[in-house]
Amino acid sequence: MNSPPPQHHAVSISPPGLESQQLQSREEEDREEESHRLLPSSASPSSEAALVKSGGNCDGVAGDDEEAAYDSREKILIEDFELDSPTCSTVPPFSFKKLWLFTGPGFLMSIAFLDPGNLEGDLQAGAIAGYSLLWLLMWATAMGLLIQLLSARIGVATGRHLAELCREEYPFWAGIVLWIMAELALIGADIQEVIGSAIAIQILSRGLLPLWAGVLITASDCFVFLLLENYGVRKLEAVFAVLISTMALSFAWMFADAKPNKTELLIGLLIPKLSSRTIRQAVGVVGCVIMPHNVFLHSALVQSRQVDPKKKGQVQEAINYYSIECTAALLVSFMINLFVTAVFAKGFYGTKQANSIGLVNAGQYLEEKYGGGFFPILYIWGIGLLAAGQSSTITGTYAGQFIMGGFLNLRLKKSLRALITRSCAIIPTIIVALVFNKSESSLDVLNEWLNVLQSVQIPFALIPLLTLVSKEQVMGVFKIGPTLQRAAWTVAALVIVINGYLLFHFFLSEVDGFLFGLFVSVWTAAYVAFVVYLISHSNNEIWDWLSRFVPNRFASSGN
């Protein structure tokens, strides 16, 4: 912002209070210089296009009229980064100290791999398929790692997060559709997470608190999040480290108590096996890995460190450290998911309860199977589930801020934006808790519908990400090469096809009646058309191949 010019005092005339006036003038000038140091100056209209490409001003900070993930004063300064050096093009040697400074965003992102929806998929896979799907869990996590590495790469290289880049890349109408889809996916995930926390509270209170009361308690995490955010990024990351550690300890304790068969576990990890009886659980394992809102979230979280997108050395170094940190975070999440799957495989595979077990009654079944002991396994499960639910709802609030602010370019206070985001999810969640809190089966039906809601949103996060990370105009020298493009599009296609199978199977069993069938058919046609439009906009090898099978009139829309 331009401040008014400082007042100049004449020196030739010397009134009685000259010294005090000069002192006051000097103080005003000092305050003005301080404000210029703290606030980025306004960009001139002629330089706006260049600033958009570089992510804001010369320091990678968005202009005053642009929404930014983090203000410059909120970002963590990386030591020995030579931020003032005009030529920072070489990558220094590896440093554990720097790795520690970059550690945080990946672990916040990994929460989405540990939310209550994922835990339910794990326990059902273990109870119905035993150890046979552990190999798929491992490779699905590897696919999720690739997508999250690309999300981090685009955030570091551009200085902007995915929602902001989508707003600039696509026409207004397409951007609005993408925003609505992202919000729907976020609301669906939030309902699962909040209800998972409410179930944990119900378990730990021995049923004294009903589900709706647990929902209200969980809703208060928004205010906890706002409180934590005021203390800085590192304090917030430390709280999530405690929550992840709580989950790891809880489920590792359960794993040690259950004593799964180590040989069968190792065979399940190393030898692929899939049968028609377990196909639905296999689809669920893969479908839970890619969370649409998490793709948007990670591209924003990496901007919490002060990295100048104009300096190639800084960008490459940040990408290297984030890759190590993200890999370690997802390794931890994989181990936690493995613990849960193995516990339920040991206890319930091949039993009559296997097909009826779910998130609601899992604690009860665990107590019946493994008994009380020094510390009842029911409470261990409840503590782990509560940590998973609370952490994932807070990251959901975080993701909602970035999604709304990026797509709509809102310049709202973070507290107001967080309240709006939380209200969008909590109000439908309370309604859902009251309507579906009649039986365990009704909550299972709700969970299936929510999985469908999130599955249909996956292309609207993956396709824009892969389109943008492959563009030299957006990424510069950090765009991904042809080999990585093919690998990423293959992973995206696999995830989309697998979730498409889930949707097809679900609608075959649920669609009943002519009008409902007609509505689903029309909606599916519009859905497929928009997905094809997004792929056509990418102008890559995938579209070149698909364009052979679509009319030339539609193929030209990608230009």
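The exercises below, each with a worked solution, go through a predicted model of one protein chain.

Residues are numbered from 1 along each chain as its sequence is written. In this predicted model, local features need pLDDT of at least 70, side-chain atom pairs count only at pLDDT 80 or more, and totals for chains, interfaces and linings use all residues, while side-chain values use heavy atoms and leave out hydrogens and water.

**Exercise 1. The whole chain**

State how many helices and strands the protein chain has, and what share of its residues is buried.

Step 1. The protein chain has 25 helices and zero strands. Helices (H or I, at least four residues) and strands (E, at least two) are DSSP runs, numbered from the N terminus.

Step 2. Of the 559 residues, 52% count as buried. Buried means under 20% relative accessible area, exposed means over 50%, and partly exposed lies in between, with a 1.4 Å probe and protein chains only.

Step 3. The chain exposes about 25500 Å², and carbon and sulfur atoms supply 65% of that area. Accessible areas come from the Shrake-Rupley method with a 1.4 Å probe; for residues, only the protein chains shown count as cover.

Step 4. Among contacts between residues at least 6 apart in sequence, 82% join residues at least 24 apart. Contact means heavy atoms within 4.5 Å.

**Exercise 2. Helix α11 and the residue after it**

Compare the span of α11 with the expected span, list its buried residues, and describe lysine 259.

Step 1. Helix α11 covers residues 233-258, which is 26 residues. From first C-alpha to last it reaches 38 Å, close to the 38 Å expected at 1.5 Å a residue. The expected span is 1.5 Å times one less than the number of residues.

Step 2. In α11 the buried residues are Val233, Leu236, Glu237, Phe240, Leu243, Ile244, Met247, Ser250, Phe251, Met254, Phe255 and Ala258. An α-helix has 3.6 residues a turn, so residues three or four places apart point the same way.

Step 3. Lysine 259 comes just after α11, in the loop between α11 and α12 (262-270). Its phi is near 55 degrees, a positive value in a residue other than glycine. Lysine 259 is exposed, with a relative accessible area of 58%.

Step 4. Arginine 206 also has a phi near 55 degrees. Arginine 206 sits in the loop between α8 (172-204) and α9 (211-219) and is exposed at 51% relative accessible area.

**Exercise 3. The largest nonpolar core**

Find the residues that touch the most other members of the largest nonpolar core.

Step 1. A nonpolar core is a set of buried Ala, Val, Leu, Ile, Met, Phe, Trp, Tyr and Cys residues joined through side-chain atoms within 4.5 Å.

Step 2. The largest core has 147 residues, and Met247, Phe251, Phe344, Trp381 and Tyr398 touch the most other members. Helix α15 (residues 312-348) gives the largest share of this core, 17 residues.

Step 3. Leaving out residues up to four places away in sequence, methionine 247 touches Ile111, Leu114, Ile336, Gly384, Ala387, Ala388 and Ser391.

**Exercise 4. Alanine 461 and helix α20**

Is alanine 461 buried or exposed, and how does its helix pack against α23?

Step 1. Alanine 461 belongs to helix α20 (residues 459-469). Alanine 461 is buried, with a relative accessible area of 1%.

Step 2. Apart from residues up to four places away in sequence, alanine 461 touches Leu162, Pro292, Val295 and Phe296. The C-alpha atoms of alanine 461 and leucine 162 are separated by 8.8 Å, although the two are 299 residues apart along the chain.

Step 3. Pro292, Val295 and Phe296 are among the buried residues of α14. Helix α14 (residues 292-301) is mostly covered, with 10 of its 10 residues buried.

Step 4. Helix α20 packs with helix α23 (residues 514-538) at an angle of about 10 degrees, with axes 9 Å apart. That makes α20 roughly parallel to α23. Axes are lines fitted to C-alpha atoms, for helices over the stretch in contact, and angles run from 0 to 180 degrees between N-to-C directions. Angles under 35 degrees count as roughly parallel, over 145 as roughly antiparallel, 65 to 115 as roughly perpendicular and the rest as oblique.

Step 5. On the α20 side, Pro459, Phe460, Ile463 and Thr467 meet residues of α23 including Tyr527, Phe530 and Val531.
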